Every structure is written in C-alpha cells, then in structure tokens.
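Here are a few exercises to help you find your way around a new structure. Try each task yourself before reading the solution.

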Amino acid sequence: MSLNKKTWKVLLVSLAAAVSFSMLAGCGNKDSEKAVATYKGGTITEKEFNLDTRVMKFLSPEQAQYLEIDMFKESILKQEVAFEHLAGQASEEAKKAAEKEVDTQIDTIKGQLGDKYKSTLKDQDLSESDLRTYMQRVLTVYQDMLLKVTDEQVKSQYEATKADYIVATLRHVLVGLTDSAGKERTDADALKRAQEAKARLEGGADFAAVAKEYSDDPGSKDTGGEYKDKPLANYVAEFKAAAQTLPLNKISDPIKTSFGYHVMKVEARKDTTFDTLTAEQLKAVKNSAASASLETFLEKNLDSLEIKINLPKSSAAPAESGATATPAPGADTPAATEVPAATEAAK
C-alpha cells in the first residue's frame, strides 16, 4: 500500500495516542534562524522543527522512518503551523487545564518507560523541559477545543459513533501470526489453524477447551475465550464490525485483523442509549467531539493561514509498504483484540 492521504491520517492518529494530536514548535530567537515555514502571523524555524521531530521520535520511535519522507514532513509542518496559530488564540482556562494534563502525561510516560525514561530522552537529545514545552502547546489547543464543545456536538458525535457503545459478551479464539511461544506463522498456516478451531466448535466442542488449545490471546485463552460486557469501542475495526453484526451464538468464519485470525461467538449484545451513558462514557464522547473539531480545522482551515513551506529535501526515498498505527513507546501490550490505549487527552 502506498503512503496516501489516508495513511498519513493513520500515522498522525497513532502519534496522537501518545499526547494528543501532532506537532508544535518551541520558543527561540527566530530572527537568527532559517525559517522552514512562514504563515500569517509567524514562522517555524528549522531548529524548532528539528526539535519537534526529536520529540516525535521519542514518543513513537516506530514511526521514525516516516519523518524522513518529504510528503509526511510537510504534512506535519503544516499542522505545526496550525497548532501555533490555535495555541495563540486559546483561553487562559485552556492553558491552565493543559498544565495539569501535562503533569499527568509526563507521569504516564515515566511509568511506561521506567528506568529508561532519562536515557530515552538523552538518545533524542531532549530534556524534560523540551517535552513539557511541546506537550503544553499541543494540550492547550486540545483543551481549548474541548471547552468549546457544545451539548449539541456531543449528541451528534454520539450518533456518529454509537456502535462503539454497544456492550457485548463474546468468546473468541485468536490464531496469531506469532504463536504463544513467539514463533512466527505464515498467513496460510494461521488461517488453516483458525479453520480447524472453527470446525471443532461447530462440531460441538467446548469453547473453553478449544480456546485453551488454539488461542494465542493472553487476555482470554485461560478464561474460556470470553470478554464479558465490553463496549465494542475496545476492539479493532474488523473485530468490532463482526461483534456488531454476527447473529447471536453463531460461530463466525475466521476474521482477519492485524493480530491474526479470530473465530468468534457473540453471546449477548445490548445498545447503550445516550441517556444511559455513564459519566466516563459521556466524557469520552465529548473528547471525541473535540478531536473531530480539531481534525475539521486541520482539513478545512489551513489555507486561511497562507502557509509557505521551505523544507530542505530529504535523501530518503518514500517507503512503498503500508504503515499501521502503533502504541506509544513502553506501553503495555494490549489484549490481542483491543485497540492500544490512548492517553487521557486523546480519548
């Protein structure tokens, strides 16, 4: 798969999972430095952009290769301009809320990296102050968007995403492309093993016994393959779609996701109406509405900033392989069906 517009969005969202969305410049003496972007109201210097690139690599080293691709770098730089512009317009309330969130984010990253936190910063020639400056600007924009979300936007966002709040009890067997011992399988071998598991289940075998023998999901293989009363938002897209539509108590065909092949049985499924959302779920919907507003600005309002890019060309050739979203560095491995958890600001 080529690196098309959709791929950029996936990459940006995966990076957003570490601290929220995209890039911001630091402070400095811009008059004495080369500008790589100018816009209505300011500039981004090469030094600032390089600093942000290092922060990005710190937060998501799996994506570092894409920072050498000119098209991706230009997209990030344009977003950096947007964030500088939006941060300058943010309210004092948003700035104060962002300060508190920065502390939470830093604590989360320290918890993920443990003893490697300082050395990982050093590897990218970063200080914690650099990280805090970056996060303060980004989260100021995000908090400002959050404060502006209306009740009508929350309801509209719920309607657009209400499938995420369906609660289901299901069982599944995951045949991974890597087995429980860490040995790789070919796609064909994984599919064949998943079909064997399906045949066993359709023949009347106990689901728990089949899961224990065949499943590579550490989160469920020893509990009968069961995920009980979980919102569908917990799951990756292909798994979620099957859980939403599969007839109750029917054994599915193998469902392919980035984790491998799943054989599923949905035992119960219940809609969650807007008026029965929990406080936590309402918060998630509101956060999602704020994120949607931010994406809308990035998609529709960049031209109004009259951005001019002057990035030096990279020597790296664009990669031809596809890219997938990845969790922040040091994040715990999620259950094999679950979406990697974002930080609080990005939920």
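Two residues are in contact when they have heavy atoms within 4.5 Å. Keep that in mind as you go through this predicted model.

**Exercise 1: the whole chain**

Task: Find how many helices and strands the protein chain has, what share of its residues count as buried, and what share of the contacts with a separation of 6 or more comes from residues 24 or more positions apart.

Solution: Start by counting elements: the protein chain holds 11 helices and seven strands. Next, take burial, where the cut-off is under 20% relative accessible area. By that rule, 44% of the 347 residues are buried. Finally, look at the contacts with a separation of 6 or more: 76% of them are between residues 24 or more positions apart.

**Exercise 2: helix H8**

Task: Check whether the length of H8 agrees or disagrees with what its 16 residues should span, then work out where its buried residues sit around the axis.

Solution: Length comes first. H8 covers residues 187-202, and at 1.5 Å a residue it should span 22 Å; the C-alpha atoms at its ends are 22 Å apart, so the two agree. Now pick out the buried residues, which are Ala 190, Ala 194, Ala 197, Lys 198 and Leu 201. Their arc around the axis is only 100 degrees, so they are on the same side of H8. Turn to the other side of H8 and you'll meet Ala 188 and Lys 192, both exposed. What do the buried residues of H8 pack against? Their partners are strand E3 (167-176), helix H9 (207-214) and strand E6 (260-270). One last stop: just after H8, Gly 204 has a positive phi of about 100 degrees.

**Exercise 3: helix H9**

Task: List the buried residues of H9 and say what covers them.

Solution: Phe 207, Val 210, Ala 211 and Tyr 214 are the buried ones in H9. Looking down the axis of H9, you'd find them within an arc of 100 degrees, so they line one face of the helix. Their cover includes E3, H8 and E6.

**Exercise 4: two helices that cross**

Task: Describe how H7 and H11 are placed relative to each other, and sort the residues of their contact by type.

Solution: Helix H7 (residues 151-161) packs on helix H11 (residues 279-300) at an angle of about 95 degrees, and their axes are 9 Å apart. Angles of 65 to 115 degrees count as roughly perpendicular, so that is the word for H7 and H11. On the H7 side, the contact uses Gln 153, Val 154, Gln 157 and Tyr 158, while H11 brings in residues including Leu 282, Val 285 and Lys 286. Sorted by type, the contact of H7 with H11 has six nonpolar residues, four polar and one charged.

**Exercise 5: residues in loops**

Task: Decide whether Leu 305 is buried or exposed, and which residues outside its neighbours within four places in sequence it contacts.

Solution: Leu 305 sits in the loop between H11 and strand E7 (308-309). Its relative accessibility is 3%, so Leu 305 counts as buried. Beyond those sequence neighbours, Leu 305 contacts Tyr 39, Lys 40, Val 81, Ala 82 and His 85. Compare Asp 125, in the loop between helix H5 (117-123) and helix H6 (128-148): with a relative accessible area of 57%, Asp 125 is exposed. Asp 125 also has a positive phi of about 55 degrees, although it is not a glycine.

Notes. Residues are numbered from 1 along each chain as its sequence is written. This is a predicted model: local features need pLDDT of at least 70, side-chain atom pairs count only at pLDDT 80 or more; totals for chains, interfaces and linings use all residues. Side-chain values use heavy atoms; hydrogens and water are left out. Axes are lines fitted to C-alpha atoms, for helices over the stretch in contact, and angles run from 0 to 180 degrees between N-to-C directions. Helices (H or I, at least four residues) and strands (E, at least two) are DSSP runs, numbered from the N terminus. Angles under 35 degrees count as roughly parallel, over 145 as roughly antiparallel, 65 to 115 as roughly perpendicular and the rest as oblique. Ala, Val, Leu, Ile, Met, Phe, Trp, Tyr, Cys and Pro count as nonpolar, Asp, Glu, Lys and Arg as charged, and the others, Gly among them, as polar. The expected span of a helix is 1.5 Å times one less than its number of residues. Buried means under 20% relative accessible area, exposed over 50%, partly exposed in between (1.4 Å probe, protein chains only). The arc is that of the directions from the helix axis to the C-beta atoms.
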